[in-house]
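Here is a friendly walk through a two-part model, beginning with a single residue and widening out from there. Have the viewer open as you read.

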Amino acid sequence: MQDLPSGKSVVTDTTTSILDRAAEAAVRATPGTLARRIRGLSDRMVAWIFIAPTIVLLLAINIFPLIWAIQLSFTNYRANRPNEPIKNIGLSNYSRILTDTDTWIAMQATAHFVFWTILLQTLIGFTLAYLIDRKFRGHAFWTTIILVPMMLSPAVVGNFWRFLYEPQIGLFTYIISFFTGIPPTDILMLSSVKLAPWAIIIVDTWMWTPYVMLICLAGLRSIPDYIYEAAEVDRASNWRQFWSITLPMALPFIMLAVLFRGIENFKMFDMVNLLTGGGPGSTTEVASITLKREAFEKWRTGFSSAFAIILFVAVFGLANIYVKVLNRVKSR
Amino acid sequence: MSAATAKKRRSNWPVWLRRGLLENIATAIIGTGFLMLFQPFALTLYTWSFVTMLFGTAMFIVVSKFPE
């Protein structure tokens with residue numbers, strides 16, 4: 001290496017020798033017994049030693065509660081009566097959940113919420129991403145402004161939207177009243193059976209559309225300019241370019257956003273709990289609210305564990321599809 | 001790559017048991033189970049949704065280990 005005249009190899013040599021000296025110093029500093037033990041270990045064993053704490057933590061925090069919940073789902077266990085004998089009741093909890101009309105209605109409420117939030121978030125998010133991608137003057141500033149709702153805590157968002165929805169003093173009801181002529185006291189966003197589900201959909205869309213926009217923007221920015229240039233040479237119209245280039249190439253990213261939001265909204269709890277608490281009646285009682293009521297109001301721990309497992313399988317299935325789509329995106 | 005090498009690499013695994021096809025079938029089953037869970041039309045479909053999803057998910061996990 002030294003016979004090379006370039007300065008670069010000299011620098012590399014110096015760095016290597018410094019590293020060698022540091023390694024030698026580290027070996028000298030290691031106590032003899034420990035050094036002998038480490039020298040006897042294979043690379044595979046050293047790798048296992050490094051990842052063991054993570055695996056132990058994962059087992060303790062994720063896997064153990066899951067296995068415990070599966071076990072509880074086959075019992076009549078109630079957390080508020082810990083001294084009562086636990087009886088194994090087989091698949092009875094699952095059978096009751098899957099034949100119960102109230103739970104079925106909760107699933108339908110979840111489906112309504114998930115469908116409309118995803119549809120609105122995808123449409124608005126993609127449109128915003130498409131506009132931001134035009135790179136007009138001040139687009140960076142507007143991107144930041146659009147991203148603000150996503151950065152807020154759901155607790156804060158839930159509380160201030162409660163104020164906005166107030167029939168007497170709410171700004172939202174005032175604006176709706178101004179444009180429609182309906183008296184603000186008649187616009188009961190959170191206590192009307194018809195409007196309450198839409199009130200939650202509006203808030204979730206307001207909060208999470210920027211997230212969809214970000215993913216779509218990443219997709220749009222990944223499309224190389226030369227494809228558009230080639231399309232312009234072929235005299236393709238803007239409309240044609242959108243349908244033949246922009247949409248197909250951004251589609252995997254849109255699908256990713258849909259799957260991300262689908263999984264998240266399927267488990268939605270905080271926003272619904274803060275805004276309506278599942279009411280009026282059980283109009284906005286989504287699956288996670290039912291689960292919370294069964295577990296911590298009725299104290300049917302076994303039953304709620306079975307319900308949690310059903311939701312887990314649904315989300316896990318969706319996550320599998322998500323991984324498949326993600327692999328397809330990666331391979332592009 | 002020579003013809004001999006290509007022949008050597010050819011797997012004896014049946015074509016209909018390849019990962020791609022079976023993963024697509026498993027995904028379709030999971031999707032069907034998902035729709036059955038959320039549909040508002042028949043309680044029977046809702047009742048069988050969990051079994052369908054569970055089967056689809058288990059199938060997905062198993063077939064994702066199959067050769068391409």
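B:Phe50 sits in helix 3 of chain B, in a model that is predicted. Is this residue buried or exposed? B:Phe50 has 21 C-beta neighbours inside 10 Å, and the cut-off for burial is 20 or more, so the residue counts as buried. Leaving aside residues up to four places away in sequence, B:Phe50 touches A:Tyr94, A:Leu98, A:Ile310 and A:Val313. Within its own chain, B:Phe50 can be paired with B:Leu37: the two are 13 residues apart in sequence, with 7.2 Å between their C-alpha atoms.

**Where the chains meet**

The contacts of B:Phe50 lead on to the interface. Chain A and chain B bring 17 residues each to the contact. On the side of chain B that touches chain A, helix 2 (19–38) and helix 3 (43–63) of chain B each supply at least two residues. Which helix of chain B gives the largest share of that side? It is helix 3 of chain B, with 9 residues. By character, the residues on this side of chain B divide into 11 nonpolar, 5 polar and 1 charged. As for scores, the model has an ipTM of 0.82 and a pTM of 0.78.

The UniProt record, an unreviewed entry, places the feature "transmembrane region" at residues 21–39 and 45–63 of chain B. In the model, residues 21–39 of chain B are 95% helix and 0% strand, and the end C-alpha atoms of that stretch lie 27 Å apart. Residues 45–63 of chain B are 100% helix and 0% strand, with 25 Å between the end C-alpha atoms.

**Chain A as a whole**

Turning to the partner, chain A has 14 helices and 0 strands. Its radius of gyration is 28 Å, well over the 20 Å that the globule rule gives for 332 residues, so chain A is more spread out than a compact globule. Along the principal axes, the C-alpha atoms of chain A fill a box of roughly 90 × 75 × 40 Å. Of the 332 residues in chain A, 27% are buried. Taking contacts in chain A between residues at least 6 apart in sequence, 69% join residues at least 24 apart.

UniProt, again in an unreviewed entry, lists "domain: ABC transmembrane type-1" for residues 107–322 of chain A. That stretch of chain A is 75% helix and 0% strand in the model, and its end C-alpha atoms are 21 Å apart.

**The nonpolar core**

The largest nonpolar core has 66 residues, and those with the most contacts inside it are A:Ala199, A:Val203, A:Cys216 and A:Ile310. Helix 9 of chain A gives the most to this core, with 14 residues. A:Ile310 has already appeared above, among the residues that B:Phe50 touches. For A:Val203, the contacts beyond four places in sequence are A:Val157, A:Trp161, A:Met271 and A:Leu275.

**Two loop residues to look at**

A:Arg235 has a phi near 60°, a positive value in a residue other than glycine. It lies in the loop between helix 10 (225–233) and helix 11 (238–266) of chain A. Because A:Arg235 has 7 other C-beta atoms within 10 Å, and 12 or fewer is the limit, it is exposed.

A:Trp299 also has a positive phi, about 55°, although it is not a glycine. Its place is the loop between helix 13 (287–296) and helix 14 (301–331) of chain A. How many other C-beta atoms lie within 10 Å of A:Trp299? There are 14, so A:Trp299 is partly exposed.

**How confident is the predictor?**

The table sets out the confidence values for each chain.

| Chain | Mean pLDDT | Residues at 70 or more | Lowest helix (mean pLDDT) | Highest helix (mean pLDDT) |
|---|---|---|---|---|
| Chain A | 87 | 91% | helix 1 (residues 7–29), 64 | helix 9 (residues 196–221), 94 |
| Chain B | 84 | 85% | helix 1 (residues 3–9), 54 | helix 3, 93 |

One stretch calls for care when reading the picture: over residues 1–11 of chain A the pLDDT is below 50. Beyond near neighbours in sequence, residues 1–11 of chain A have 4 contacts in the model. By contrast, helix 9 of chain A, which gives the most to the core, is where confidence in chain A is highest. In chain B, confidence is highest in helix 3, the helix that holds B:Phe50.

How values were computed: Residues are numbered from 1 along each chain as its sequence is written. Chains are lettered from A and ligands numbered from 1 in the order in which they are written. This is a predicted model: local features need pLDDT of at least 70, side-chain atom pairs count only at pLDDT 80 or more; totals for chains, interfaces and linings use all residues. pLDDT is the predictor's confidence in each residue, from 0 to 100. Helices (H or I, at least four residues) and strands (E, at least two) are DSSP runs, numbered from the N terminus. Two residues are in contact if their C-beta atoms, placed from the backbone, lie within 7 Å. A nonpolar core is a set of buried Ala, Val, Leu, Ile, Met, Phe, Trp, Tyr and Cys residues joined through C-beta atoms within 7 Å. UniProt positions are given in the numbering used here, feature names are shortened, and annotations may be inferred rather than shown by experiment. The radius of gyration is taken over C-alpha atoms; the globule rule is 2.2 Å times the number of residues to the power 0.38. Ala, Val, Leu, Ile, Met, Phe, Trp, Tyr, Cys and Pro count as nonpolar, Asp, Glu, Lys and Arg as charged, and the others, Gly among them, as polar.
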